[in-house]
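This report goes through one protein structure, with the sequence and coordinates shown below. Please keep both at hand while reading.

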Amino acid sequence: MMTMPHHCLSPILGSSLWLASVALMVQLAESSAGNYRRPVPGGKAHGFTERTLILLDVNTRSPIKTLNANFLSLQLDPSVIHDGWLDFLSSKRLVTLARGLAPAYLRFGGKRTDFLYFHNLKNLAKHRGGPGPDYYLKNYEDDIVRSDIALDKQKGCKLASHPDIMLELQREKAAQMQLVLLKEQFSNMYSNITITARSLDKLYNFADCAGLRLIFGLNALHRNPDNSWNGSSALSLLKYSASKKYNISWELGNEPNSYRAMVGRTVNGSQLARDYLQLRNLLQSVRFYNNRASLYGPNIGRPRKTAILLLDGFMKTAGSVVDTVTWQHYYIDGRVAKVADFMKTRLLDTLTEQISKVLKAVKTHAPGKKVWLGGVGPAWAGGINNLSDTYAASFLWLNTLGMSAMQGIDVVIRHSFFDYGYNHLVDQNFNPLPDYWLSLLFKHLVGPRVLAVHVAGLQRKPRPGRVIRDKLRIYAHCTSFQNHNYVRGSITLYIINLHRSRKKIKLAGTLRDKTVHQYLLQPYGIEGLQAKSVQLNGEPLKMLDDETFPELKPKRLHSGRTIVMPPMTIGFYVVKNVNAYACRYR
């Protein structure tokens with residue numbers, strides 16, 4: 001049993017040190033970084049079967065990329081105000097699950113960012129968003145008030161254990177509100193949301209208790225008649241946050257390239273840049289945030305022509321104003337997706353092209369500026385029930401992390417930690433979904449230094465004019481310094497096998513004849529790929545209680561043993577005692 005108290009859970013699972021990682025995608029025609037060595041002439045490598053892949057010559061001397069310690073981070077949508085879940089962020093179980101993924105950023109933002117208004121109100125029940133069934137609403141609201149009063153009496157981190165009946169009533173309310181929220185998502189027409197001082201306190205308490213750094217998205221569609229940004233609500237929020245000494249970073253707006261479709265209003269890159277300059281001036285006018293608060297943006301959507309034009313115009317004026325450039329990527333339309341779509345290598349590969357477009361635009365105006373994937377999920381339009389919340393979506397998620405690390409994306413923010421719809425890591429029963437367990441393993445084993453690796457082995461020869469998109473994808477990282485089960489200098493591989501047959505991988509070169517610890521993550525249950533539970537090396541993963549994680553126990557593979565990846569699976573493999581130079585030191 002692995003019991004993780006509040007004060008030590010984050011350091012155990014977080015990857016807060018600079019680590020070394022190597023990322024490799026086994027794609028013959030797309031090895032642009034030069035990390036891929038072509039197959040040995042003549043076909044079969046001596047001594048290995050046709051399905052064997054050989055990893056060779058990991059460059060352990062120096063990293064090719066160095067990423068943020070909070071590389072894997074989280075998003076929380078403002079819809080939690082609408083559907084009432086904000087009042088339950090103090091749940092011990094929910095805070096424990098968030099702590100498991102710390103250190104990380106928590107971005108409070110999404111489509112409803114631009115319909116969010118702050119009011120400095122303290123009334124506990126009167127200004128709550130979202131209706132509930134009449135027969136229980138009054139008692140439900142009274143329970144919330146009593147819970148708030150009890151929390152106010154606590155000092156420091158405020159945690160609650162909500163009665164089961166109270167949670168059941170909330171789930172009923174949230175189920176009704178989900179229909180409203182999804183209707184807004186599909187129609188692209190959103191209602192305004194009020195966030196009160198009380199609500200902001202609850203949000204910050206959750207982030208602070210979990211060891212997450214809060215990023216708050218401000219409403220960019222609050223505009224004056226001349227189309228300039230109206231910062232009155234934002235200034236009120238800044239002053240309140242400063243009075244509470246809340247350490248918050250900020251951003252303005254969400255996917256500004258989509259404003260015309262949403263509200264019939266266009267905000268071009270130059271105007272948005274002026275808005276960010278205005279926000280930076282507001283931050284400097286508030287003593288607590290002057291020279292303290294970070295500012296991120298512009299949060300463009302998928303970088304097609306309109307979005308890239310907006311980003312280009314923004315960077316010309318505000319490239320030096322933002323601390324980091326942010327953009328978002330969602331893979332597929334949640335209204336029409338099928339399970340087979342999540343296995344398509346062409347879909348997985350769309351991210352590489354999008355990253356290249358954004359990096360090119362940023363480099364033109366602000367060379368060296370860090371770029372974040374400020375919002376990413378398997379599907380837009382709320383995701384797909386029994387698909388984007390199942391094991392099938394984990395291939396996309398892990399590939400996103402690997403590709404982003406390989407191309408130097410500094411932070412990847414997952415939409416969403418806990419939310420309506422079906423893109424979240426934790427469901428409304430506070431149970432971790434497959435992508436949560438995948439993220440937990442990633443945090444436990446993986447860090448942000450990227451190294452080069454060479455590969456040799458049999459590969460298919462492409463037909464003339466055709467690109468090979470291999471279904472076996474391999475990434476590797478130096479094992480976390482915080483993971484005291486491994487000495488510094490160890491390396492972690494993680495592998496995606498989308499083939500319908502098993503694949504053999506022989507470690508060679510620097511990794512030859514080393515002991516390997518296997519963390520094989522597979523679906524658990526008769527649903528197969530659409531299972532919402534997973535098993536680690538054959539053992540089901542589930543929380544032991546509200547504050548205790550299961551033991552993440554590896555399977556030991558003896559020195560020199562070939563790694564065998566079952567079909568349609570994901571695996572992490574720690575190669576012990578490699579003594580990689582780049583992994584031994586901070």
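Which residues of helix 3 are buried?

## Helix 3

The buried residues of helix 3 are Arg-93, Leu-94, Val-95, Thr-96, Leu-97, Ala-98 and Arg-99. The helix is thus described as mostly covered, with 7 of its 8 residues buried. Two arginines, Arg-93 and Arg-99, are included in that buried list.

## Confidence in the model

The structure is a predicted model. For the protein chain, the average pLDDT is 84, and 83% of the residues score at least 70. Residues 1–51 are a stretch where pLDDT stays under 50. The model nevertheless has 163 contacts for residues 1–51 beyond four places in sequence.

Residues 123–137 also have a pLDDT below 50. In the model this stretch has 28 contacts beyond near neighbours in sequence.

## Helix 10

Helix 10 covers residues 305–318, a run of 14 residues. From its first C-alpha to its last it reaches 20 Å, close to the 20 Å expected at 1.5 Å a residue.

Its buried residues are Ala-307, Leu-310, Leu-311, Gly-313, Phe-314, Met-315 and Ala-318. An α-helix has 3.6 residues a turn, so residues three or four places apart point the same way. The buried residues of helix 10 pack against two helices, helix 9 (269–285) and helix 11 (345–365). They also pack against strand 11 (295–300) and strand 12 (324–333).

## A buried aspartate in helix 9

Asp-275 lies in helix 9. Is Asp-275 buried or exposed? With a relative accessibility of 1%, Asp-275 counts as buried, because the cut-off for that class is under 20%.

The side chain of Asp-275 makes a polar contact of 2.8 Å with the side chain of Gln-271. Outside its neighbours within four places in sequence, Asp-275 is in contact with Arg-223, Ser-228, Trp-229, Leu-252 and Val-267.

## Disulfides

The structure holds 2 disulfides. Counting bonded cysteines along the chain, the pattern is 1-2, 3-4. One of the links joins Cys-157 to Cys-209, with an S to S distance of 2.0 Å. This link is right-handed, with 135 degrees about the S-S bond. Cys-157 sits in the loop between helix 4 (134–152) and helix 5 (164–187), and Cys-209 sits in helix 6 (residues 197–210), so the disulfide ties together parts that are 52 residues apart in sequence. Cys-157 is partly exposed, at 31% relative accessible area, whereas Cys-209 counts as buried at 9%.

Cys-478 and Cys-583 also form a disulfide, and their sulfur atoms are 1.6 Å apart. Cys-478 belongs to strand 17 (residues 472–478) and Cys-583 to helix 14 (residues 581–584), so this pair ties together parts 105 residues apart in sequence. Both ends are covered: Cys-478 is buried with a relative accessible area of 1%, and Cys-583 is buried with 0%.

## Aromatic pairs

How many aromatic pairs does a search of the whole structure find? The search finds 22. A pair of aromatic rings is described by the distance of the centres and the angle of the planes.

Trp-85 and Phe-418 form an edge-to-face pair, 5.2 Å centre to centre with 85 degrees between the planes. The pair links distant parts of the chain, 333 residues apart. Trp-85 is in the loop between helix 2 (79–82) and helix 3 (92–99), while Phe-418 is in the loop between strand 14 (411–415) and helix 13 (434–445). Trp-85 counts as buried at 0% relative accessibility, and Phe-418 counts as buried at 1%. In the pair of Phe-108 and Phe-216, the ring centres are 5.4 Å apart and the planes are at 35 degrees, so the pair is tilted. Phe-108 lies in strand 6 (residues 104–108) and Phe-216 in strand 9 (residues 212–218), so the pair ties together parts that are 108 residues apart in sequence. Both Phe-108 and Phe-216 are buried.

## An aromatic cluster

Which residues form one aromatic cluster? The members are Phe-71, Phe-442, Tyr-475, Tyr-494 and Phe-572.

Definitions and conventions: Residues numbered from 1 in each chain as written. Predicted model: local features only at pLDDT ≥ 70, side-chain atom pairs only at ≥ 80, totals over all residues. Heavy atoms only, no water. pLDDT = per-residue confidence, 0-100. Contact = heavy atoms within 4.5 Å. Helix = DSSP H or I, 4+ residues; strand = E, 2+ residues; numbered from the N terminus. Expected span 1.5 Å × (residues − 1). Buried < 20%, exposed > 50% of the residue type's maximum accessible area, 1.4 Å probe, protein only. Disulfide = S-S within 2.5 Å. Polar contact = N/O pair within 3.5 Å; in protein donor to acceptor, adjacent residues only side chain to side chain. Phe/Tyr/Trp six-rings, centres within 6.5 Å; stacked < 30°, edge-to-face > 60°.
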